[in-house]
Amino acid sequence: MKKIAIYSMKGGVGKTAAAVNLSYLAASEGASTLLCDLDPQGASTYYFRIRASKNFNTNKFIKGGKNIDKNIKGTDFPNLDLLPSKLSYRNLDLALDALKHSKKRLKEIFKEVEYEYDYLFMDCPPGISLMSENVFNAADVIIVPLIPTTLSELTYEKLLKFFKKNDIDSKKIYTFFSMVETRKTLHQDTINKLREEGGNILESRIPYRSDVEKMGIYREPVPVSSPHSDSTHAYIELWDEIKTVL
């Protein structure tokens, strides 16, 4: 099972949209796919019209084992399952901190489903926390959406510094530009600057389009609601690039 984290220190950068659309595309190709919604806001869970079981909570998630398997829900789409979020996930850092080897607990949790799926996507909460470090250790690749603006560039640089300081392999970080508006000079200048600086910058760009914003209305992936749109083609190109990386 290949584990793909969709992560950003910054919120509002198209992280959940990428997690939902990429996991859908993987499943549409026939790959057995699991999307794990780790964000207490539960946006991925909402988009797929799913609710977690009432008796599922942070403690059961942390314990892993059969608690994980029996709380996975099927979506409306073939080959695509979801492990839904709970608001109690806001306490995940506290629960993890109480454990031994707390930075690698998530990796252990996912061993329960390691042979059931081809791909595991993680929709991660923003910020850097103990939960984030678990994600960094568990993921094979970390896909970072980046709006080509000064503040997003700053948070990306901070992420790279955090990896270096904590001796985490930064080679697993791959960045793509999200919510791109080509008419904006700042966007184009930032893209060119970061490409010149090197690093794992993917070629694919996700444009700023209303069909991505309308995912909250239609509650389904963009390739379903707008199969011929620019956004759909962009997500397909992004998924093709990620498969090459994997």
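Contact here means that heavy atoms lie within 4.5 Å. The structure is a predicted model, and the account below moves from its sheet to the helices that lie across that sheet, and then to individual residues.

The sheet is open and is formed by 8 strands in the order β3-β4-β2-β5-β1-β6-β7-β8, with mixed pairing. Its edge strands are β3 (73-74) and β8 (201-207), each of which pairs on one side only. Strands of a sheet pair through backbone hydrogen bonds, either parallel or antiparallel. One parallel pair is that of strand β2 (residues 33-37) with strand β4 (residues 80-83), joined by 4 bridges. Opposite leucine 83 in β4 stands cysteine 36.

Cysteine 36 also leads to the matter of disulfides, of which the structure holds 0. The cysteine sulfur nearest to that of cysteine 36 belongs to cysteine 124 and is 8.3 Å away. A disulfide would require the two sulfur atoms to be within 2.5 Å, so cysteine 36 takes part in none. Likewise, cysteine 124 is in no disulfide, its nearest cysteine sulfur being that of cysteine 36 at 8.3 Å. Cysteine 36 counts as buried because its relative accessibility is 0%. Cysteine 124 counts as buried because its relative accessibility is 1%.

Two helices illustrate how helical elements are placed on the sheet. Helix α1 (residues 15-28) lies across β1 (2-6), β2, β4, β5 (119-123), β6 (141-146) and β7 (173-180), and runs at about 165° to β5. Helix α9, for its part, lies across β6, β7 and β8, running at about 165° to β8.

Helix α9 (residues 185-197) also meets helix α8 (residues 150-165): their axes come within 10 Å and cross at roughly 25°. Because of this crossing angle, α8 and α9 are roughly parallel to each other. On the α8 side the contact involves Thr150, Glu153, Tyr156 and Glu157, while α9 contributes Leu186, Thr190, Lys193, Leu194 and Glu197. Sorted by class, the residues of this contact are 3 nonpolar, 2 polar and 4 charged.

Threonine 155 is likewise a residue of helix α8. Apart from neighbours within four places in sequence, threonine 155 is in contact with Met9 and Lys10. The C-alpha atoms of threonine 155 and serine 8 are 8.4 Å apart, although the two residues are separated by 147 residues in sequence.

Tyrosine 47 belongs to helix α2 (residues 43-47). Because its relative accessible area is 15%, tyrosine 47 is buried. When residues up to four places away in sequence are not counted, tyrosine 47 touches Thr16, Val20, Met215, Gly216, Arg219 and Glu220. Between the C-alpha atoms of tyrosine 47 and aspartate 76, which are 29 residues apart along the chain, the separation is 11 Å.

Arginine 219, one of the residues touched by tyrosine 47, is found in the loop between α11 (215-218) and α12 (222-225). Its phi is near 55°, a positive value in a residue other than glycine. Arginine 219 counts as partly exposed because its relative accessibility is 24%.

A positive phi of about 55° also occurs at methionine 179, which is not a glycine. Methionine 179 is found in strand β7. With a relative accessibility of 23%, methionine 179 counts as partly exposed.

Definitions and conventions:
Residues are numbered from 1 along each chain as its sequence is written. This is a predicted model: local features need pLDDT of at least 70, side-chain atom pairs count only at pLDDT 80 or more; totals for chains, interfaces and linings use all residues. Side-chain values use heavy atoms; hydrogens and water are left out. Buried means under 20% relative accessible area, exposed over 50%, partly exposed in between (1.4 Å probe, protein chains only). Axes are lines fitted to C-alpha atoms, for helices over the stretch in contact, and angles run from 0 to 180 degrees between N-to-C directions. Angles under 35 degrees count as roughly parallel, over 145 as roughly antiparallel, 65 to 115 as roughly perpendicular and the rest as oblique. Ala, Val, Leu, Ile, Met, Phe, Trp, Tyr, Cys and Pro count as nonpolar, Asp, Glu, Lys and Arg as charged, and the others, Gly among them, as polar. Two strands pair if DSSP finds at least two bridges between them.
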